[in-house]
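Please open the structure in the viewer and follow the stops below in order. Each stop names what to select and then describes what is found there.

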Amino acid sequence: MTRTVHPIEEESYRRLRARVDTAHLPPLTRAVVERVIHSSADPAYAGDLVCDETSLRAAHAALHAGAPVVADVEMVAAGITARRAVCRLREAVAAPGLTRSAAAVRLAYEEVGDGAVWVVGCAPTALEELLALGAGPALVVGLPVGFVGAVESKEALRATGLPAISNLSEKGGSAVAAAALNALLYTPPPASAYRTGTAAEPPSPAAGRNPPPAGSAAPPLSTGP
């Protein structure tokens, strides 16, 4: 499936690449970094995101094979434009020691089991609950936002060694988390795009659509000014 890219988006990417050096990044990592920056207009994400290209490739393949996608909140689900995402927040009920977001994760895990791609952009407690469940995800996009628990939950995610995309700071949010996944969904299936050790330019944001990948505890990405 192909998507039509508006000229404004093309121009946005041109200006982004003129301001932030992403050419040295491997293809899927670059696609994620650029789309997150594009969605937030925040070039600082270039040094804040934590991705691992090998994990991203594996997750990308899983998404192409039909792995389910789970979102912690409906705003994240709404932002994922190329795939229907499971979100059980409406049905979830909070309990002592369990937030509604965490309860929604439990419900979703009962539905999808292991091998899913989880996208957390709002609630640190949702990410904490996912880790506590001992799930075996294809990828966790862990980008919750906030001053309470967000940094700690992302640190805990990286400590597990699970395939993940995360970031170092309190920043994040629904739009950013959805953008990270969309970057992978919009990237067409591999071939020359997955040449080992190649930092080939990812397809223009106009390219085809397709499934994503994972990140792990790699050092923060660095870019030029």
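Select Gly113, which sits in the loop between α5 (100–112) and β3 (117–120). The model is a predicted one. Is Gly113 buried, partly exposed or exposed? Its relative accessible area is 22%, so Gly113 is partly exposed, given that the partly exposed class lies between the buried limit of under 20% and the exposed limit of over 50%. Now add Ala135 to the selection. Gly113 and Ala135 are 22 residues apart in sequence, and their C-alpha atoms lie 7.5 Å apart in space.

**The whole chain**

Next, display the protein chain in full. How many helices and strands does the protein chain have? The protein chain has eight helices and five strands. Followed along the sequence, these elements give the pattern α-α-β-α-β-α-α-β-α-β-α-β-α. The protein chain holds 225 residues, of which 52% count as buried. If a surface is switched on, the exposed area of the protein chain is about 9400 Å², and carbon and sulfur atoms supply 58% of that area. Contacts between residues at least 6 apart in sequence can also be considered: 67% of them in the protein chain join residues at least 24 apart.

**Helices α2 and α8**

Select residues 27–40 for helix α2 and residues 174–186 for helix α8. The axes of α2 and α8 come within 8 Å and cross at roughly 140°. Why are α2 and α8 described as oblique to each other? An angle over 145 degrees would be needed for roughly antiparallel, and α2 and α8 are therefore oblique to each other. The crossing of α2 and α8 is right-handed. To see the contact, show the side chains of Leu28, Ala31, Val32, Arg35, Val36, Ser39 and Ser40 in α2; these meet Ala175, Val176, Ala179, Ala180, Asn182, Ala183, Leu184 and Tyr186 in α8. By class, this contact of α2 with α8 comprises 11 nonpolar, three polar and one charged residues.

**Helices α2 and α3**

Keep α2 selected and add helix α3, residues 53–64. The axes of α2 and α3 are 8 Å apart, and the packing angle is about 85°. The two helices, α2 and α3, are therefore roughly perpendicular to each other. From α2, the contact uses Pro27, Leu28 and Thr29; from α3, it uses Glu53, Leu56, Arg57 and His60. The residues in the contact of α2 with α3 fall into three nonpolar, two polar and two charged. Leu28 of α2 takes part here and also in the contact with α8.

**Ala41, beyond α2**

Move on to Ala41, which is found in the loop between α2 and β1 (49–50). What is notable about the phi of Ala41? Ala41 is not a glycine, yet its phi is positive, at about 55°. Ala41 has a relative accessible area of 67%, so this residue is exposed.

**Met75 in α4**

Select Met75 in helix α4, which covers residues 74–79. With a relative accessible area of 65%, Met75 is exposed. Add Gly121 to the view: the C-alpha atoms of Met75 and Gly121 are separated by 8.8 Å, while the residues are 46 apart along the chain.

**Helices α6 and α7**

Select helix α6 (residues 124–132) together with helix α7 (residues 150–160). The helices α6 and α7 pack at an angle of about 25°, and their axes are 9 Å apart. The helices α6 and α7 are therefore roughly parallel to each other. In passing α7, α6 makes a left-handed crossing. The contact is formed by Pro124, Leu127, Glu128 and Leu131 of α6 with Ala150, Ser153, Lys154, Ala156, Leu157 and Thr160 of α7. The residues of this contact of α6 with α7 divide into six nonpolar, two polar and two charged.

**Val140 in β4**

The last stop is Val140, in strand β4 (residues 139–142). Is Val140 buried or exposed? Its relative accessible area is 0%, so Val140 is buried. Leaving aside residues up to four places away in sequence, Val140 touches Trp118, Leu127, Leu130, Leu157, Pro163, Ala164 and Ile165. Among these neighbours, Leu127 and Leu157 also belong to the contact between α6 and α7. Finally, select Ser166: its C-alpha atom is separated from that of Val140 by 8.2 Å, and the two residues are 26 apart along the chain.

Notes: Residues are numbered from 1 along each chain as its sequence is written. This is a predicted model: local features need pLDDT of at least 70, side-chain atom pairs count only at pLDDT 80 or more; totals for chains, interfaces and linings use all residues. Side-chain values use heavy atoms; hydrogens and water are left out. Axes are lines fitted to C-alpha atoms, for helices over the stretch in contact, and angles run from 0 to 180 degrees between N-to-C directions. Helices (H or I, at least four residues) and strands (E, at least two) are DSSP runs, numbered from the N terminus. Angles under 35 degrees count as roughly parallel, over 145 as roughly antiparallel, 65 to 115 as roughly perpendicular and the rest as oblique. A crossing is left-handed if the near helix is turned anticlockwise from the far one by less than a right angle, and right-handed if clockwise. Contact means heavy atoms within 4.5 Å. Ala, Val, Leu, Ile, Met, Phe, Trp, Tyr, Cys and Pro count as nonpolar, Asp, Glu, Lys and Arg as charged, and the others, Gly among them, as polar. Buried means under 20% relative accessible area, exposed over 50%, partly exposed in between (1.4 Å probe, protein chains only). Accessible areas come from the Shrake-Rupley method with a 1.4 Å probe; for residues, only the protein chains shown count as cover.
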